[in-house]
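Visitor: I should like to learn how to read the features of a structural model. May we work through one together, feature by feature?

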Amino acid sequence: MNVDKFSQQIEKLHSEIQELLQCDRTKPNSQQEIITEAFEELDTAMEELLTACEELEVTRAAVEKERQRYQDLFEFAPEGYLVTNTVGTIKEANHVAAILLGVPQKYLVGKPLILFIAQQDRQSFSSQMNNLQEALNWEINLQPRRGTPFPASVKASVVYDLEGKQLGWRWLLCNISERKQAEEMLQQAYSELEIRVAERTAELVKANQKLLNEITERKRVESQLLHLAFHDALTGLANRAAFMKRLRHAINYSKI
């Protein structure tokens, strides 16, 4: 019985009590006074019950408003939301989850979640499900009903009843294909950069070695030219230029 129908019945009963009270007041005797007093107490109780019903109606409206707010948040969330029981059977699914899994929203309910896990990840998923305690956040490949598997971020948290008993799990699914592609592109760019840096480093090492060889050769040639300037090319003995150089050096030394 809903609150509105119950309130109508209370109003009807309240009216009937008021009519009985009016009738009893026309019969003034001790028995009727007792009955009248009893009816008055009943009338008071009915008024209190009516007030409680009004308060209950206000509370019901507030709860319904919050329920609708939660339903709107659940339904129009930008990511996929699922609610499953303890064995992984889907009990609720929002619009985005239906799109991600490639199944009409109404047909998701009652399906095992593992049906939408890529084959290569099902064993890992089952293991995670058996070991779930409070919350979990990991990446896994989802398999839509029609289409190719795609990487997804999966978050799971426990759903409890009012007595603290576990009812199931709440799941948040997010397609991370674009993020993965961006990471792969970044990794590829980084690898290409490393290759280019290695190639450029090798080129610089080669150029540096070539320059070092040229400097060494230049010093050798300079040393050879200096030797040839003061020595005979055939005998290797000091020539006239060397003699004159040593003579000038000896004269300058003698003047000290």
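Visitor: With which residue does glutamate 203 form a salt bridge, and how far apart are the closest N and O atoms?

Guide: The general idea comes first. Side chains of opposite charge can pair when their charged atoms come close. In this predicted model, glutamate 203 forms a salt bridge with arginine 200, and the closest N and O atoms are 3.2 Å apart. The cut-off applied to such a pair is 4 Å.

Visitor: Where do glutamate 203 and arginine 200 lie?

Guide: Both residues belong to helix 6, where three residues, or about one turn of the helix, separate them. Glutamate 203 is partly exposed, with a relative accessible area of 45%, and arginine 200 is partly exposed at 48%. The reading "partly exposed" follows because a value from 20% to 50% falls between buried and exposed.

Visitor: Which residue forms a salt bridge with arginine 220?

Guide: The partner of arginine 220 is glutamate 217, with the closest N and O atoms 2.5 Å apart. These residues are about one helical turn apart because they are three residues apart in helix 6. Arginine 220 has a relative accessible area of 45% and glutamate 217 one of 38%, and each counts as partly exposed.

Visitor: Which residues are joined into one network by salt bridges that share partners?

Guide: That network consists of Glu139, Arg179, Lys180 and Glu183. One of the links is the salt bridge between the side chains of arginine 179 and glutamate 139, at 2.4 Å from N to O. This pair connects distant parts of the chain, since arginine 179 is in helix 6 and glutamate 139 is in strand 3, 40 residues apart. Arginine 179 is partly exposed at 38% relative accessible area, and glutamate 139 is partly exposed at 41%.

Visitor: How many salt bridges are there by this rule?

Guide: The count comes to six.

Visitor: Let us turn to the fold. How many helices and strands does the protein have, and what pattern do they follow along the sequence?

Guide: One lists the elements and then reads their order. The protein has seven helices and five strands, and their order along the sequence is α-α-β-β-α-α-α-β-β-β-α-α. Contacts add a view of sequence separation: among those between residues at least 6 apart in sequence, 39% join residues at least 24 apart.

Visitor: Which strands pair with strand 1, and in what sense?

Guide: To read pairing, one looks for the bridges between strands. Strand 1, residues 80–85, is mostly covered, with five of its six residues buried. Strand 1 pairs with strand 5, residues 166–175, in the antiparallel sense over six bridges; glycine 80 stands opposite leucine 173 in strand 5. Strand 1 also runs antiparallel to strand 2, residues 90–93, and three bridges join the two. Here the bridge partner of leucine 82 is alanine 93 in strand 2.

Visitor: How many residues lie between strand 1 and strand 2 in their hairpin?

Guide: There are four residues between the two strands, and glycine 88 in the turn has a positive phi of about 95°.

Visitor: What does the largest nonpolar core contain?

Guide: A core is read from its residues and then from the elements that supply them. This one has 25 residues, and those with the most contacts inside it are Leu82, Ile90, Leu108, Phe125, Ile140, Leu142 and Trp171. Strand 2, helix 3, helix 5, strand 3, strand 4 and strand 5 each supply at least two residues of this core. Strand 4 gives the largest share, five residues. Phenylalanine 125 touches Leu113, Ile114, Ile117, Trp138, Ile140 and Trp171, leaving aside residues up to four places away in sequence.

Visitor: What share of the residues is buried, and what does the protein expose?

Guide: Of the 256 residues, 23% are buried. The protein exposes about 19,000 Å², of which carbon and sulfur atoms supply 57%.

Visitor: Which residues make the nonpolar surface patch of about 250 Å²?

Guide: The patch is made by Val221, Leu225 and Leu228. Valine 221 is located in helix 6, residues 177–230. Valine 221 is partly exposed, with a relative accessible area of 31%, and the cut-off for a patch residue is over 30%.

Notes: Residues are numbered from 1 along each chain as its sequence is written. This is a predicted model: local features need pLDDT of at least 70, side-chain atom pairs count only at pLDDT 80 or more; totals for chains, interfaces and linings use all residues. Side-chain values use heavy atoms; hydrogens and water are left out. Buried means under 20% relative accessible area, exposed over 50%, partly exposed in between (1.4 Å probe, protein chains only). Contact means heavy atoms within 4.5 Å. Accessible areas come from the Shrake-Rupley method with a 1.4 Å probe; for residues, only the protein chains shown count as cover. Two strands pair if DSSP finds at least two bridges between them. Patches are made of residues with over 30% relative accessible area and no salt bridge: like charges are joined within 9 Å, nonpolar side chains (Val, Leu, Ile, Met, Phe, Trp, Tyr) within 5 Å. A nonpolar core is a set of buried Ala, Val, Leu, Ile, Met, Phe, Trp, Tyr and Cys residues joined through side-chain atoms within 4.5 Å.
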